[in-house]
4 protein chains.
Amino acid sequence: MIRFESDYLEGALPEVMQALAETNFVQTPGYGEDEYCAAAAEKIREKCAAPDAAVHFLIGGTQVNFTFIAAALRPHQAAIAAESGHIAVHESGSVEATGHKVITLPCGPEGKISAAQVRSLVEAHWADATHEHQPQPRLVYISQPTENGAIYSLAEIEALSRACREKGLIFFIDGARLGTALVCPGADAGLRDLARLADAFYIGGTKLGALFGEALVITNAELNRDFRYIEKQRGGMLAKGRLLGVQFGVLMSGGLYERTAEREVALAWRLRRAFEAKGWPLYCDSPTNQQFPIVPDAVLARLAEKYSFSDWARVDENHRAVRFCTSWATREEDVEALIADIEAL
Amino acid sequence: MIRFESDYLEGALPEVMQALAETNFVQTPGYGEDEYCAAAAEKIREKCAAPDAAVHFLIGGTQVNFTFIAAALRPHQAAIAAESGHIAVHESGSVEATGHKVITLPCGPEGKISAAQVRSLVEAHWADATHEHQPQPRLVYISQPTENGAIYSLAEIEALSRACREKGLIFFIDGARLGTALVCPGADAGLRDLARLADAFYIGGTKLGALFGEALVITNAELNRDFRYIEKQRGGMLAKGRLLGVQFGVLMSGGLYERTAEREVALAWRLRRAFEAKGWPLYCDSPTNQQFPIVPDAVLARLAEKYSFSDWARVDENHRAVRFCTSWATREEDVEALIADIEAL
Amino acid sequence: MIRFESDYLEGALPEVMQALAETNFVQTPGYGEDEYCAAAAEKIREKCAAPDAAVHFLIGGTQVNFTFIAAALRPHQAAIAAESGHIAVHESGSVEATGHKVITLPCGPEGKISAAQVRSLVEAHWADATHEHQPQPRLVYISQPTENGAIYSLAEIEALSRACREKGLIFFIDGARLGTALVCPGADAGLRDLARLADAFYIGGTKLGALFGEALVITNAELNRDFRYIEKQRGGMLAKGRLLGVQFGVLMSGGLYERTAEREVALAWRLRRAFEAKGWPLYCDSPTNQQFPIVPDAVLARLAEKYSFSDWARVDENHRAVRFCTSWATREEDVEALIADIEAL
Amino acid sequence: MIRFESDYLEGALPEVMQALAETNFVQTPGYGEDEYCAAAAEKIREKCAAPDAAVHFLIGGTQVNFTFIAAALRPHQAAIAAESGHIAVHESGSVEATGHKVITLPCGPEGKISAAQVRSLVEAHWADATHEHQPQPRLVYISQPTENGAIYSLAEIEALSRACREKGLIFFIDGARLGTALVCPGADAGLRDLARLADAFYIGGTKLGALFGEALVITNAELNRDFRYIEKQRGGMLAKGRLLGVQFGVLMSGGLYERTAEREVALAWRLRRAFEAKGWPLYCDSPTNQQFPIVPDAVLARLAEKYSFSDWARVDENHRAVRFCTSWATREEDVEALIADIEAL
């Protein structure tokens, strides 16, 4: 079985594994208070041109999302997300488990929400005489790229940021696959933009070459107050925090993170062109490492004998949208084999 | 600086690192549904003689504790722990953050609670006419070894188990350093005993040779129902779950886990004997890899120039109890150096 | 100002006030363990033909909803409600504050959901390979009448009950205005039906002649276990619980509750006929004590000089749906005055 | 049976009942936004000399406590209370159910904590290198009078207030029986003092002549932000909020609240003198409406044939401390009967 169902099927980039091996016997303090974490945080601050940002290394994306949201909101406040947003549909109600509602906004297959939607929602809340009987919208959550691989343009992120600042909202960006949104065709929003426009965002490692780990960047100092207490309380503080510092130290050096993303994206585009050549429409326009062709059921059954992929959405009686992912570890020969098999269908 | 302040100062056993490297490019499904996890779980079930037990691999100890407790209790129910228990004092209120009180029982410096204490507490609860106005005690939490390195004897664990069963309580054992309690002088409770006597317990990896990871063993099937939902919800489900399966597969093979623990314990006893030879009393009787000498402040200041250790408790105006830990990675020459320096004081 | 904006604008029925005055100096134990509560509960059990049901008296509707839901669900489980359901839109996220997601189903202006919708939702959940990454649907919440005054037929409630039992769901009915649904035109589901078909429901007092108070009837004994702990924990247990027992004792005697509801409904239908006669369409078909005419904005401005009503929904650029409520205290002359003013517009 | 077991055995003062009856048919908006609440709040602000204070009327004491605490704390923060404090022992873990630990301080039978204890606790927290692994103490909860009827002197409250301000803590006073602490022998802290020294406190109505209801006074404006959302979310916002406004309007006029308290206290002191005359020691020195004699078991058995009282604490093999309460409704003849029976024993 050749696997394309997700981008967390393998371990980590050889450079990451090597750094872990080389530092294996170095003694450091625990809980992220070591020199590797300090150095990796400093590299991230530099790349973000955010010298005052706080950087925290957590283990996984769900954890970053609910920990940051729990730290940022008061009990009556809610997060706003696209109806297909990860916190709305794939985190087992983890935000609700911290006491907060996720208010969802309708979105197309690309999974994006707009500044206009956010403004309308917030204005409607405050205009309603009974607003105290409803959760108060307070934080906007987006992911870049979205759940379905689409990216927000710089203009869209700027508009969301402006809406948040005007309406007194916190702007938080989930970057589980952020690298791919930095380098893909059409990308125009860089790390410095995110650091300038969001109150917090994270740079995902798990799906971009690390064994595991996400780097949360908090640029709004008020939201960083006592964050480590809450990180510990919610299980996100790794005893051997240095493991995260070592990994991000490597990823953030010499352009490794970006090169890894570029490779993922390039392989994904080969698949995309093969799908298009075959006449399979795309469920949504993803320029990143996830591709979502709409394929006849019968064909899927044949492909599934040799390849794994994720079921995404039923489109009509005979067609489904499925997801193929590439990762840092995807082998070119596997991509070529899949393309050849598709052409031969 | 030679570090003895904790047992999570380094990475992982070479065998573990090698297994991670060897399996790095193997493709597996995510979220612990891979063959490595299945195989490691099977090994654990065998070692525990618990063929029906469920085994879940989580990232860290705090996470296991609050996730299992949140899954096991209804909203009005409370956990019972020693007043020095880890969930009572060192997890940032993570159990309370899931909505549950931790009821504490007094304990000596060894950090142990007794079946008699548990019985009294529960009987007092139900005898009180206003018991509905108090959290209902429902789960007994102990750690083996305790926070202060002491161990429960088999007889003590059997008594606690009997008390729990008679009183309708869940019995949960935190095994962050469980290996050391299996092999240390005086140890008489094995994995099979824990599996037979507790409803759930975990086998700690982080402090016993793994990079990170804890294996939660749930022998009470009712408490395992839907556990994976809650594991995901609370951030404990690693995307690349296979990393945990690979590590525990190695640790649970060929006696590696026990050998690692034996080495930790043996080195700790060398320190213990040096403390005793020096005339430093021990704050508590720990037969495991943590040792707690009571040392004059002036001496501590001198030791701190070369060695790190943890401050534990002020004993009198001029003396403190401090903690020295050994780990899988502690070097014999460092132990010898420390002993020589103590002797030379 | 003559007020029609809600049905909790006044105090309580004279019979209720008199009973409170008459019993004012009687000494009783606190927290609902008094004879008045016992007697009122027994009357409710008789009316429901549910001799084994547990009856708890709580203070208000929001409190009953979140307390029962918190008591009934495990942490990963969710409630299902209409998208216009009270717990989804008007309780400030109180269910989420207990840790649970409210999954909403689309509904028309009547605010009803169907057994088919529930089945589809639950089947989709379990068919999804990633269901552990989503909150588990476990409880169906409806209100009778709905937020918008519509009622479920007996057949519809039976179908929902069947769906819940087949799918392992808890069926809970919010009866804040239940009386009106028992007596209005078209009503065919009685208290005995609810007791037979739901796991729990409540009989609202606040909006039907009591000063305050709701009677929660739990017919599923398993869901009643330890309920009083959770009632206390969430602030729903009144110290002078007897106040609730006294009130429900009166309401449940001699048909007072039903007569009160009949009067509310009869007055509401007078308004309804006046709206229809004026050619104002109804936003939804409510046979109960709330009526929702769609009225031109200019007309509303004039009405608002003399009458209060609730803004409900903007229908188009020039029309809004508004709510007029009648209550046990609504005076016939006020209804007549409003009708005359409408006719004269 | 003549009942002395608590002070919530009867309904309400005749003046309160009359005011409810007189206003029964007046129409008002719901949720506390009516003129009765506004007027009662204004009276309270005047009595407190706190023109800018926010006043909220909630239903019961447990609800005020957990709602205010939930509104005031961030997720990692804890409340500090006496080990016998109401939130620590008699509210079914309601504070923990909102996610927060209650850190308890040892106290004598009077149930008081001191500024020195608070300072030590907070200093120890911040001095501990691992403080991020512990809940952060952030709010001091006391009750005036305490659970056991003792009162804090003005000097003690001033010292606690100073400690809180110096250490950045919120100071919250539970006043379930506040009236009795304002008027009893030795009382020297008035409403103006509490308003000046605490961030928030409440004036209890349930136990001082109201049917039910507590008036929460928040003098720290920052802590009042969005409080009504949270009040609604936690079930504390009464639909017919005017019922609370009407009651407090009466209680706060013409000295009724103080007169009621004076009467309660005077009757309690008659009992106290009878206990002392009999040679029964007092479990603690309560100058308010609760008295705690230590009585031989055999005597208690005889008294229990005719009188109810609360079991409080076992003192030795043959003696128990029990509680006798007086209330606004306690009849002089019942007090005289009890005294006569004691004398005759």
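Which residues of helix 12 of chain A are buried? In this predicted model, the buried residues of that helix are A:Arg242, A:Leu243, A:Leu244, A:Gly245, A:Val246, A:Gln247, A:Phe248, A:Gly249, A:Val250 and A:Leu251. Since 10 of the 10 residues of helix 12 (residues 242-251) of chain A are buried, the helix is largely enclosed by the rest of the structure. The elements of chain A against which these buried residues pack are helix 1 (14-22), helix 2 (35-48), strand 2, strand 8 (214-218) and helix 13 (256-277).

**The sheet of chain A**

Chain A holds an open sheet of seven strands, which follow the order 2-8-7-6-5-3-4 with mixed pairing. Strand 2 (54-58) and strand 4 (102-105) of chain A stand at its edges, and because each has a single partner strand, one side of each is left without a neighbour in the sheet. On average, and with direction ignored, neighbouring strands of this sheet are turned by 25° against each other. Within the sheet, strand 6 (residues 170-174) and strand 7 (residues 200-204) of chain A run parallel and are joined by two bridges; A:Ile173 has A:Phe201, in strand 7 of chain A, as its bridge partner. Helix 6 (residues 115-127) of chain A packs on the sheet, where it touches strand 3 (77-82), strand 4 and strand 5 (136-143) of chain A, and its direction makes about 165° with that of strand 5 of chain A.

**A helix pair in chain D**

In chain D, helix 13 (residues 256-278) and helix 15 (residues 332-344) pack with their axes 10 Å apart and at an angle of about 0°. Angles under 35 degrees count as roughly parallel, and helix 13 of chain D and helix 15 of chain D are therefore roughly parallel to each other. From helix 13 of chain D, the residues D:Leu267, D:Arg270, D:Leu271, D:Ala274 and D:Lys278 meet D:Val335, D:Leu338, D:Ile339, D:Ile342 and D:Glu343 of helix 15 of chain D. Sorted by class, the contact of these two helices of chain D has seven nonpolar, no polar and three charged residues.

**Chains B and D together**

How are chain B and chain D placed with respect to each other, and what rotation superposes chain B on chain D? A rotation of 180° with 0.0 Å of shift along its axis superposes chain B on chain D, with an RMSD of 0.0 Å, and the two copies are thus related as by a two-fold rotation axis. Where the chains touch, 18 residues of chain B are in contact with 18 residues of chain D, and the side belonging to chain B has five nonpolar, nine polar and four charged residues. Because 100% of the interface residues of chain B are also interface residues in chain D, the copies meet through the same surface.

**Backbone details**

Most residues other than glycine have a negative phi, and most peptide bonds are trans. The table lists some places that depart from this pattern.

| Place | Feature | Value |
|---|---|---|
| C:Gln144 to C:Pro145 | cis peptide bond | omega near -5° |
| D:Gln144 to D:Pro145 | cis peptide bond | omega about -5° |
| B:Ala49 | positive phi | near 50° |
| D:Ser92 | positive phi | near 55° |

C:Pro145 lies in the loop between strand 5 (136-143) and helix 7 (154-167) of chain C, and D:Pro145 is found in the loop between strand 5 (136-143) and helix 7 (154-167) of chain D. B:Ala49 has its place in the loop between helix 2 (35-48) and strand 2 (54-58) of chain B, and counts as partly exposed because it has 13 C-beta neighbours inside 10 Å. D:Ser92, in the loop between helix 4 (86-89) and helix 5 (94-97) of chain D, has 30 C-beta neighbours inside 10 Å and so counts as buried.

Notes: Residues numbered from 1 in each chain as written. Chains lettered and ligands numbered in written order. Predicted model: local features only at pLDDT ≥ 70, side-chain atom pairs only at ≥ 80, totals over all residues. Contact = placed C-beta atoms within 7 Å. Nonpolar A, V, L, I, M, F, W, Y, C, P; charged D, E, K, R; others polar. Pairing = 2+ DSSP bridges. Helix = DSSP H or I, 4+ residues; strand = E, 2+ residues; numbered from the N terminus. Axes fitted to C-alpha atoms, helices over the stretch in contact; angles between N-to-C directions. Buried ≥ 20, exposed ≤ 12 C-beta atoms within 10 Å, placed from the backbone. Parallel < 35°, antiparallel > 145°, perpendicular 65-115°, else oblique. Least-squares fit on C-alpha atoms with pLDDT ≥ 70 in both.
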